[in-house]
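Grab your viewer and work through a few exercises. Try each task before you read its solution.

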Amino acid sequence: MQIEVDARRLAAELDQLASFSTSDPPSVTRIVFSDVDLRARRWLKELCCSAGLVVREDPVGNMIARWNAGDHDAPAVGTGSHIDAIPNAGRFDGTVGVLGGLEAIRALKASGFAPKRPIELLVFTAEEPTRFGIGCLGSRLLSGALDAEKAGQLRDQAGSTLDEVRKAAGFHGSLSNVRLTTNRHAAFIELHIEQGPILEQSRHQIGLVTSIAAPAALRVVIHGQGGHAGAVLMPNRHDALTGAAEIILAVERLAGASGALDTVATTGLCDVFPSAVNSIPSRVSLGIDIRDINLSRRDLLVEEIRKAIEGVSRKRALQCITEILNADDPAQCDRRILDVLRRCCEDEGVTHMELVSRAYHDSLFMSRIAPVAMVFIPCRAGVSHRADEFASLPDIANGVRVLARALAQLAS
Ligand code: GLV
Ligand code: MN
Ligand code: MN
């Protein structure tokens, strides 16, 4: 089968999607249910409808665009990713899997291919944890990994609940209706930039993901004693920020001491109150991200970090409240889909290798209700979650062709 991908159209659509942003180019910021996110969703929905797909949006705003072909009752073959972007992100994370997935479906339609089962493009809500503190919100709910009632009560920084925000954005109905049954998808494949340097360094065009690392996230609120920066003497201080500094260093040290390069931990959030140069910080909130391929090593590190936090709070007479926001299992990709993908790479004449995903993806949760696999394409210098994130058009087009072939085989 000849797959004709319209790379120019795809490039123009990636450009257009990047323009829905609240930060200056080349960076992209698209927080879930912000005005730019809602405008991007409307634009994307029109693209899907123009491609002849039937679009449904669920109560949390996951968009499911369906090529209703073949046996309509048969489990569908799915693809897709996310379009939300963290503050000052690049323009390829997630979007390549969404617009590339759409292009793959359009290419299959143009080729005259007749699927025996439906093919769906899934656009997941809030893969990024920016607004509600927990990543993969949409796919967690689709897979039943997150309790619907708890999800609705998650709050953003302004204090609004997910229920309030999604309803204001036009997504109504009970979150318990988001969950999909386990036989709804025969297979799911997510196309994504690698977000690491391995493909580029080893000169491979395609990465076939065998497993996805286990992520966890902690929120730590440190309560100290505020006061006048001039008047409170050093021996009398209970500075929440200097306590936080010790915790941040402990996170880095403990991750580095795990004995495995697969262990990573990051303190990416630090909110200081009252945040005035002449006021001793009385309260600090930290966001800590902890990951490993190996679940027991990840869990051990979470425990060590908790102990370090307790140690700092005792030593400095601070009060620290630690909350585990999520602690997820790793996911294994499906061998049968990986075999299909390998053959598709060979048919397309592109080089491929197996690797693990250290980033998390909606596939982590889709794997709970369907056999999944991921296709990675190289990104320049492995850079991601930065404005200078870059993937070349030929690399993106390779990924789309391999994806299209695999969707066709799985839907035959
Ligand atoms: C996804 O964006 C991740 O943080 O891995
Ligand atoms: Mn991301
Ligand atoms: Mn992503």
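The exercises below deal with a predicted model, starting with its domains and ending with its ligand.

**Exercise 1. Find the domains of the protein chain and work out how far apart their C-alpha centres lie.**

Start with the domain assignment: domain 1 is made of 7–213 plus 330–410, and domain 2 runs over 214–327. Next, take the C-alpha centre of each domain; the two centres are 32 Å apart. Then look at who takes part in the contact: domain 1 supplies 13 residues and domain 2 supplies eleven.

**Exercise 2. Put a number on the interface of the two domains, and say which residues of domain 1 lose the most area.**

Interface size is often quoted as the accessible area that is lost when the parts come together. Here domain 1 and domain 2 bury about 950 Å² between them. Now split that by atom type: 55% of it sits on carbon and sulfur atoms. On the domain 1 side, the top losers are A213, P330 and R358, which together make up 45% of what that side buries.

**Exercise 3. Which residues form the salt bridge across the interface?**

The search across the interface turns up one salt bridge. Check R358 against D262: their closest N and O atoms are 2.5 Å apart, and the cut-off is 4 Å, so the pair counts. Polar contacts come next, and two residue pairs across the interface qualify. To round this off, sort the domain 1 residues that touch domain 2: eight are nonpolar, three polar and two charged.

**Exercise 4. Describe the shell around ligand 1 and list polar atoms that approach its oxygen atoms.**

First collect the neighbours: E127, E128, R291, A359, Y360 and H385. By class, that shell has two nonpolar residues, one polar and three charged. Then go through the distances to ligand oxygen atoms:

- E128 uses a side-chain N or O atom, at 2.9 Å.
- Y360 uses a backbone N or O atom, at 2.8 Å.
- H385 uses a polar side-chain atom, at 3.2 Å.

Finally, ask how covered the ligand is: on its own, ligand 1 has 190 Å² of accessible area, and the protein covers 93% of that.

Key:
Residues numbered from 1 in each chain as written. Chains lettered and ligands numbered in written order. Predicted model: local features only at pLDDT ≥ 70, side-chain atom pairs only at ≥ 80, totals over all residues. Heavy atoms only, no water. Domains from an automatic or database assignment. Contact = heavy atoms within 4.5 Å. Buried area = accessible area lost by both parts, 1.4 Å probe. Salt bridge = Lys/Arg side-chain N within 4 Å of Asp/Glu carboxyl O. Polar contact = N/O pair within 3.5 Å; in protein donor to acceptor, adjacent residues only side chain to side chain. Nonpolar A, V, L, I, M, F, W, Y, C, P; charged D, E, K, R; others polar. Near = heavy atom within 4 Å. Areas by Shrake-Rupley, 256 points an atom, 1.4 Å probe, with all protein chains shown as cover.
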